[in-house]
Amino acid sequence: MDTLLHPAPTSSMAKRPCSSSSQNPRLPSHFSQMDHLLHSFLSLTDSSPPISLDLAFDRLLDSSPSDADQSLLIDRAHKLGSLLLRAANRSARKRASLHNSIAWALPPDLTIKVFSMLDSQSLCYAAATCSMFNKCAMDPLCYVNIDLTTVVPKVNNAVVSTMIQRAGKSLQSLKLGIVPGPTASPGSCQPLVYSIRNSVDVSGFSWNDKRTRQGKESSILTRSCLHPLSADNGATGNLLRRLHLYNIERMDNASLCVALAACPSLLDLEIVGLHVELRQTLMSVSTNCHLIERLFFESSKTGRDDSLKSPTCVDLVNNCPNLSSLSLRGFKLHDYKVRILVKGFRKLKYADFSTSYSITGTFLRNLGSGGGGNLLEVLILRDCMHLREVEVARFLTAVLAGDFKLLRHLDISNREGLASEGDWYQRSYNSSIIPLKQVLEVRPNICLLAEFPSEGCFIDVDHMIESDINSDVSLPSQLSIHTSDGSLLMSSSESSYNSDHGSGNEEYQDSGFVIYEESSDEIDYLVV
């Protein structure tokens, strides 16, 4: 003990022979004096009670000539004890890791393969288990598919940045944001737009956790969460194949476009509930993501986004020829814009325009004759407010005639019923002109969903006014005029919705496109 706390002069240590080897013949001969002293010290704990150690230390303090020497002796004891504890913990971890490596049946490469199949949260749990698992979990192959979606805000920008840095150039899939509950699955008819303030799954969540406090990172993603994709001149995002973003409240157009510019190999893009403009997003996709095959975009504000222009549709069709799945849900889409997209994409098999405000169904006319549209396997028009009964009847008549041979799923359900030909206020809940039974008899392989309310009117005026006040969105005051050809012209006051019930061709006449008046014949839109 004296030797440990009071090191002897170097000269005396050099001259004094080490007698520990003779006293402990079991110790290797190459042990240094410190090794022997430590061995002797650790051997005391087995034979001597703790009180003996306390008394020995007190005697050492009493033998010190001054108070300063006693303080120095106490400090030295603290440091030696801390160093000894650290060495013991490190050795324990080494032994545990060695034991795990012997007991674990898989070699490191297969362990990494198994870890690469785990979700991101399970991978983090595995990495915290032991040093061997931690080393395997740091391999970039474990972060090829990063899924950081949660039910309530738990992930911040720092977590995303760390995960992306670990993945490096191996990153192929990235999912971020808040998905509203385990029952909502991407691609289903259930809306994925989510607001934490309206959520019922927040029993363990405090709204204050979203705010940045001193010494604590905010648990909310911001517009800079995708910046790591652009690091190293875009090397990280260069091989990204799948990008899914859900309800990231603070994401904006500029940040999203920068991220898409760093992902030229993107095949699957899913955007839900972001406060970004449809037109700018599609322009960025058509400019940077030429290989894209699946595009899913659900508006955060149903019916308000009227930003999409015809030239943007044409550019998207021309620059992204491999698109086979297109979902634009909750946007204010006119039929002629939808027709450009459906007819333009030659490989399109899946189309979903659910809750689109302005679609009447005229884009369905002769859709299966040549060009795009004839390869459709899935068509979803659920809860399209202005979808007309007569247009659905014409479409199903074409199916009976042999068009759309590959169609296997059609959803025309509407919680408010279908609009009548003459007046959209008149709703159809049990149509007699739509050949539903005939289609199911001729094409039994088709899954046809046509769910309508059994009774009730389409809309209550008082409820509509109250809803407008609460949502800060005013529906147009409408005046219907029946024309000679049976179409419906609408006159509207200033509003966020413009001429929804007309042909929708007003923009076309000013955009350099040749169009024809709507009729039962084929309507083609050609670039001049």
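Two strands count as paired if DSSP finds at least two bridges between them. Strands (E, at least two residues) and helices (H or I, at least four) are DSSP runs, numbered from the N terminus.

A word on the model: it is predicted, so local features need pLDDT of at least 70 and side-chain atom pairs count only at pLDDT 80 or more, while totals for chains, interfaces and linings use all residues. Residues are numbered from 1 along each chain as its sequence is written, and side-chain values use heavy atoms, with hydrogens and water left out.

**Exercise 1. Walk through the strands from E4 to E7.**

Task: work out which strands pair with E5, and in what sense E6 and E7 pair.

Step 1. Start at strand E4 (residues 268-272), which pairs with E5 in the parallel sense over 5 bridges. Here Val272 stands opposite Glu298 in E5.

Step 2. Move on to strand E5 (residues 294-298), which runs parallel to E6 and is joined to it by 5 bridges. Glu298 turns up again, now opposite Arg329 in E6.

Step 3. Finish with E6 and strand E7 (residues 350-352): they pair in the parallel sense, over 3 bridges. Ser327 stands opposite Asp352 in E7.

Step 4. Now add the helices. E4, helix H13 (residues 278-288) and E5 make a right-handed β-α-β unit, and E6, helix H15 (residues 335-344) and E7 make a right-handed one too. Right-handed here means that, with the strands pointing away from the viewer, the path from the first strand over the helix to the second runs clockwise.

**Exercise 2. Check how covered E5 and E6 are.**

Task: find how many residues of E5 are buried, and which residues of E6 lie on each side.

Step 1. Set the scale: buried is under 20% relative accessible area, exposed is over 50%, and partly exposed is in between (1.4 Å probe, protein chains only).

Step 2. Count E5: 4 of its 5 residues are buried, so by that scale the strand is mostly covered.

Step 3. Count strand E6 (residues 325-329): 5 of its 5 residues are buried.

Step 4. Split E6 by side. Ser325, Ser327 and Arg329 sit on one side, Leu326 and Leu328 on the other, and all are buried.

**Exercise 3. Take the salt bridges apart.**

Task: say where the partners Arg223 and Asp252 lie in the chain, and whether Asp383 is buried or exposed.

Step 1. Fix the criterion: a salt bridge is a side-chain nitrogen of Lys or Arg within 4 Å of a carboxyl oxygen of Asp or Glu. The chemistry is the usual one: side chains of opposite charge can pair when their charged atoms come close.

Step 2. Search the whole structure, and you get 15 salt bridges. One of them joins Arg223 and Asp252, with the closest N and O atoms 3.9 Å apart. Arg223 is in the loop between strand E2 (173-178) and helix H11 (231-234), and Asp252 is in the loop between strand E3 (242-246) and helix H12 (253-261), so the pair ties together parts 29 residues apart in sequence. Arg223 is partly exposed at 47% relative accessibility, and Asp252 is partly exposed at 25%.

Step 3. Look at Asp383 and Arg415, whose side chains meet in a salt bridge (2.9 Å, N to O). This pair links distant parts of the chain, 32 residues apart: Asp383 is in the loop between strand E8 (378-380) and helix H16 (389-400), and Arg415 in the loop between strand E9 (409-411) and strand E10 (418-419). Asp383 counts as buried at 16% relative accessibility, whereas Arg415 counts as exposed at 57%.

Step 4. Don't forget the network: salt bridges link Arg242, Asp268, Glu270 and Arg294.

**Exercise 4. Hunt for disulfides.**

Task: find how many disulfides the structure holds, and why Cys257 has no such bond to Cys289.

Step 1. The cut-off is a pair of cysteine sulfur atoms within 2.5 Å.

Step 2. Apply it, and the structure holds 0 disulfides.

Step 3. Take Cys257 as a test case: the closest cysteine sulfur, in Cys289, is 10.0 Å away from its own, and that is too far for a bond. Cys257 is partly exposed, with a relative accessible area of 21%.
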